[in-house]
Amino acid sequence: MSIDPDRLQPMANAIRALSMDAVQAANSGHPGMPMGMADVATILFDRHLKFDPSRPDWDDRDRFVLSAGHGSMLLYALLHLSGYARPTMDDIRNFRQLGSPCAGHPENFLLEGVECTTGPLGQGLAMAVGMAIAERHLNAEFGRDLVDHRTWVIAGDGCLMEGVNHEAIGLAGHLNLGRLIVLWDDNSITIDGTTDLSTSENIRARYEATGWHVVNCDGHDFDDIHRALKEAKEDDRPSLVACNTIIGKGAPNKQGTSATHGSPLGAEEVAAARRMLDWDAKPFEIPNAILTDWRSTGDRGRSAQAEWQVRLDGSEDRDAFEQRMEGVAEHTAAALQGHIRALAADPSKVATRKASEMALGPLTEALPQLIGGSADLTGSNNTKTAFTEPMTADDYAGRYIYYGIREFGMAAAMNGMALHGGIAPYGGTFLIFSDYCRNAIRLSALQKANVVYVMTHDSIGLGEDGPTHQPVEQLMSLRLMPNLNVYRPCDTIETAECWQLALSTSDTPAILALSRQGLPQLRGDGDAEWSADKNRCARGAYRLRASALARRVVLLATGSEVALADACAEALEKDGIGADVVSMPCLELFDAQDESYRSDLLPRDALLVSIEAGATLGWERYTGRDGLNIGIDSYGASAPAADLFAHFGFTAEAIVPQIRDALKD
């Protein structure tokens, strides 16, 4: 079918009309990008995107990511016009209002058809890299009959300026992700004005240097857009399609300027745009003929979905494929049961990063969904197992990704993999470098993406690398994020239990904060018959040691400091002071317990003492104003770990006298 501008132009103008009307009604929003990219998006949906509005969860659909999430009305208009159940016109009419799924930036948990939450610029593109990785991996496993789709991205100048873009496109080029196509809204405008105020780099050359195919097009010429997209699809490399566009196209007095970027056009300009676009329909009304043309854009995808379903139903891999897409939550306990029982029978003193590697062995053997990796710290993070061969451009079946020194890019790519489905990603770096990943971790939590971050070298216990590498504030600051479970296990068994929990909470990402130094195994008694219902970490905290005398002190600790708390309790009881030890591997899970459980562990008639080699801020909510908080509220130093713990007061000899003094008071 030939390109028919007489049919396509009214379709594109419907996007423009809905976008400017919704932003005007909300008196808030970004009309410029949707109006500028309307022609490109129309060709994409009409001729290239494989989608079925009636099956938004179809596993082999193309993924469409609006990385420039501020232009959210482009996506809402596309979903409504092409026939998704939502957003309805009422939803669009209430754009940016409380209760409407048409939020200021697209949220994947509010609308089907929104593949990921975008808005923080660059991260949509970086998540799309993860989606493209997932597609290639599953294609290598199950073949083209079941997995054969593309990932499309619309990105703006801001997305391409952000640092995470450099990390993401370098990884995509290295892995030669040819099913990834980025449509660059090349309009030379940012909020401050023209892009030459802040940049003069050759973006096309940058992409070419990282192994991408680059093609240009006139973003307002339907034939030229179609040509460029066809060319991108035919190339084996990831593609950047530079779409030369006019921001706010159709607004006669403001188009091409930053005035259309982040503000309503104003009533007069909206009226003028209607005249320029020859758009006579009232606000939030789409003429039937145009709506019919839009609804037909899903026909190709509906046919493809039906054909795919026939192939799936007849495939010998159907059960394996469906199980792969279901996820891992129901299978983690069985994978770890034998391992934990063996640990109980044969205790060992190892760093919890090593304990994590030990747990990953049976997990990666039993669960093919697990794809691991590290940001150039594989030997330190202990994230690779005998069952995870490298993923390369020549072998996408591999299950271990060498991300290089790209912490932010790794975290965003893992979000994309998790959201794609069929993959349970985990990746490692040092806990101190969680700050490099922080905004992607936040998006994991916001999007309910089950990503596991393996963060090793979790305290001054890492030793000689010094304060630049020693986390102090990171643990507590990460605990501030809603819907993020931060686990800090104390030994081999707790580490395995925390892995089981991290992979079982399918709507919540997790951080495993793990030690560099060896830690004694404190668990074992009662774990010989371990099963999921006996996971003591599941409630976030539990009584590891009960006082043998009348209880006067409760010691709360995490990770490497649990053994220290145990030593303090031993010394106190020799002095006739009864002391419990409570291990608190996950404060978030503990906070979710009922009051009776929490008050039983933390009774008001005892002195409550927290011990953690990190910031003390936050522990007072557990110990109260009269409790003791042992921690570090300064930066560390460069020295062997044992010397540092002694210097900063993390010894029983330093802590027990403080407890005695507090009891006297």
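In this predicted model, G576 adopts a positive phi of about 85 degrees. The residue sits just after helix α21. Helix α21 itself covers residues 561-574. At 1.5 Å a residue, its 14 residues should span 20 Å, and the end C-alpha atoms do lie 20 Å apart, so the expected and modelled spans agree.

Helix α21 has buried residues along its course: E561, V562, L564, A565, C568, A569, L572 and E573. Two glutamates, E561 and E573, are among them. An α-helix has 3.6 residues a turn, so residues three or four places apart point the same way. The buried residues of α21 pack against both strands and helices. The strands are β16 (542-545), β17 (551-557), β18 (578-583) and β19. The helices are α25 (641-647) and α26 (652-664).

Strand β19 (607-611) also contributes to a pocket, supplying at least two residues to the lining of the second largest one. Helices α22 (587-591), α23 (595-601) and α24 (620-623) each do likewise. The volume of this pocket is about 430 Å³. It is lined by 18 residues, of which L602, R604, L608, R621 and Y622 are the closest to its centre. The lining comprises 7 nonpolar, 4 polar and 7 charged residues.

The largest pocket holds about 850 Å³ of space. Its lining numbers 33 residues, and those closest to the centre are A418, L419, H420, G421 and K448. Helix α13 (318-326), helix α17 (407-420) and strand β11 (424-430) are the elements that give two or more residues to this lining. By class, the lining divides into 14 nonpolar, 9 polar and 10 charged residues.

Strand β11 also takes part in strand pairing. It runs parallel to β9, with 3 bridges between the two. Within this pair, I371 of β9 has P425 of β11 as its bridge partner. Strand β9 is joined to a further strand, β10 (residues 400-402), again in the parallel sense and by 3 bridges. Here G372 is bridged to Y400 of β10.

Strand β9 spans residues 370-374, and 5 of the 5 are buried, so the strand is largely enclosed by the rest of the structure. Burial extends to both faces of β9. L370, G372 and S374 point one way, while I371 and G373 point the other.

Notes:
Residues numbered from 1 in each chain as written. Predicted model: local features only at pLDDT ≥ 70, side-chain atom pairs only at ≥ 80, totals over all residues. Heavy atoms only, no water. 1 Å grid on protein atoms, 1.4 Å probe; cavity = no way out; pocket = protein on both sides within 12 Å on 5 of 7 lines; lining within 4 Å. Points joined across faces, edges and corners; volume = space filled by probe spheres on them. Helix = DSSP H or I, 4+ residues; strand = E, 2+ residues; numbered from the N terminus. Nonpolar A, V, L, I, M, F, W, Y, C, P; charged D, E, K, R; others polar. Expected span 1.5 Å × (residues − 1). Buried < 20%, exposed > 50% of the residue type's maximum accessible area, 1.4 Å probe, protein only. Contact = heavy atoms within 4.5 Å. Pairing = 2+ DSSP bridges.
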